[in-house]
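User: I would like a close look at one part of this protein. Please keep it plain and explain the terms as you go.

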Amino acid sequence: MEHKGYQNPSDSPLLGAGEVWRWVSSSLFGVAHGDGRWVAVGEGGATLTSTDTLNWQGVNSGTVHLLLGVAHGDGRWVAVGDLGVILISP
């Protein structure tokens, strides 16, 4: 998650006691949960996954286009973005 407007993320009022947030180079615009997994998408095709919302792993989305939203249903993930980009998991 990106902190905008704070020089030091620990100054953010959103940060709870004992939490540590790491700066990311991409802004994230959509997040969804399904089948025990969280997926977040954003700028430059950024795609992150997590099973616990504490530890996130980057995955290759296959696009460099802005991704604006993500949804889960019927066992599949769908991400949508700029310029009509639609990504569907197998």
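Is Val78 buried, partly exposed or exposed?

Analyst: Val78 is partly exposed, because its relative accessibility is 31%. Buried means under 20% relative accessible area, exposed means over 50%, and partly exposed lies in between, with a 1.4 Å probe and protein chains only. This is a predicted model: local features need pLDDT of at least 70, side-chain atom pairs count only at pLDDT 80 or more, and totals for chains, interfaces and linings use all residues. Residues are numbered from 1 along each chain as its sequence is written, and side-chain values use heavy atoms, with hydrogens and water left out.

Where does Val78 sit? It lies in strand 6. Strands are DSSP runs of E with at least two residues, and helices are runs of H or I with at least four; both are numbered from the N terminus. The protein has seven strands and zero helices. Strand 6 covers 76-81.

Now the surface. Val78 joins Val80, Ile86 and Ile88 in a nonpolar surface patch of about 330 Å². Strand 6 and strand 7 (86-88) are the elements that each give two or more residues to this patch. Patch residues have over 30% relative accessible area and no salt bridge; nonpolar side chains (Val, Leu, Ile, Met, Phe, Trp, Tyr) are joined within 5 Å, like charges within 9 Å. A salt bridge is a side-chain nitrogen of Lys or Arg within 4 Å of a carboxyl oxygen of Asp or Glu. Accessible areas come from the Shrake-Rupley method with a 1.4 Å probe; for residues, only the protein chains shown count as cover.

Strand 6 also lines a pocket. It gives three residues to the lining of the second largest pocket, the most of any element. Strand 2, strand 5 and strand 7 each supply at least two. The lining has 14 residues; Thr47, Ser61, Trp77, Ala79 and Leu87 lie nearest the centre. The volume is about 200 Å³. A pocket is an open set of points on a 1 Å grid over the protein atoms alone, where a 1.4 Å probe fits, with protein on both sides within 12 Å along at least five of seven lines; lining residues have an atom within 4 Å of a point. Points are joined across faces, edges and corners, and the volume is the space filled by probe spheres set on them.

Last, the loop before strand 6. Asp74 is found there, between strand 5 (67-73) and strand 6. Its phi is near 55°, a positive value in a residue other than glycine. Most residues other than glycine have a negative phi. Asp74 counts as exposed, at 83% relative accessibility.
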